[in-house]
Amino acid sequence: MRLDKLLANLGYGSRKEAKQLLKNGAVQVDGVVVKDAKQHVDPAVQTVTLNGETIEYKEFVYLMMNKPPGVLSATEDPSSETVIDLLELEDQVYEPFPVGRLDKDTEGLLLITNDGQLAHRLLSPKKHVPKTYFAVIDGEVTKDDILAFAQGVVLDDGYETKPGELVILKSGIRSDIELTITEGKFHQVKRMFEAVGKRVVYLQRISMGPLKLDETLELGEYRELTEEEVEQLKDYQVK
Ligand code: URA
């Protein structure tokens, strides 16, 4: 990344102000004064100092977002706002990406990180990491649906899902449920309900493996994971 961009992204003024700091000889890379704003640095391996103070740069960033509806779970998109657009520049500088996708209209827990290994482990179909969703269903969800989901249902493309654990919180012409699944097929929760003739009208992810949605986060807000949460995710083994 360009040095002036790094300084600006980390909050050391605008790009122009960063250029001025460089011109003044205030910035060193690995102990050598660098005045060229265009110089590329890798802050994960090089030490950048400003007026003798080391600029804090972490290798990995782990963020939990309460994803709002209407925003894409992607890093960039020409026409739609993405979850990465919602991050502060000082977090964007780590080039994080969402771990898995939630539909545009789905809300709730989204892990955003630049730790590719962790993301890979959490998403690997072999790991069967459980994800729990809260949903409002148009229609009466019944014990038969619990049994059907426990066996696995056949989706519109012929795919038979792995068993899902369905809990009915409230049953009526509109039902509130929680569903835990261990896969991440496209629109899976919505399609599982379609398979039993019902429609999801609201969907929110509330957990992923050991990670639970922090309910103090408003829609669109995010926070860094605590060290404990990061450890739990890294140590997570599905029994
Ligand atoms: N299942 C869905 O149908 N949508 C999501 O966003 C996540 C799971």
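Biologist: Why is the pairing of Gln188 with the ligand called a polar contact?

Modeller: In this predicted model, a polar backbone atom of Gln188 is 3.4 Å from an oxygen atom of the ligand. The cut-off for a pair of N or O atoms is 3.5 Å, so this pair counts as a polar contact.

Biologist: How do you know that His187 and Val189 also make polar contacts with the ligand?

Modeller: A polar backbone atom of His187 is 3.2 Å from a ligand oxygen, and a backbone N or O atom of Val189 lies 3.0 Å from a ligand nitrogen. Both distances are within 3.5 Å, so both pairs qualify. The protein buries 96% of the 240 Å² that the ligand exposes when taken alone.

Biologist: Which residues surround the ligand?

Modeller: Among them are Leu102, Asp103, Thr106, Tyr133, Lys190 and Leu203. The space that the ligand takes is the largest pocket.

Biologist: What makes Leu179 a member of a nonpolar core?

Modeller: Membership requires a buried nonpolar residue, under 20% relative accessible area, joined to others through side-chain atoms within 4.5 Å. Leu179 belongs to the largest such core, of 44 residues, and is one of those touching the most other members. A second, separate core of 16 residues includes Leu118 and Val230.

Conventions:
Residues numbered from 1 in each chain as written. Predicted model: local features only at pLDDT ≥ 70, side-chain atom pairs only at ≥ 80, totals over all residues. Heavy atoms only, no water. Buried < 20%, exposed > 50% of the residue type's maximum accessible area, 1.4 Å probe, protein only. Near = heavy atom within 4 Å. Polar contact = N/O pair within 3.5 Å; in protein donor to acceptor, adjacent residues only side chain to side chain. Areas by Shrake-Rupley, 256 points an atom, 1.4 Å probe, with all protein chains shown as cover. 1 Å grid on protein atoms, 1.4 Å probe; cavity = no way out; pocket = protein on both sides within 12 Å on 5 of 7 lines; lining within 4 Å. Sits in = over half its atoms within 2 Å of the grid points.
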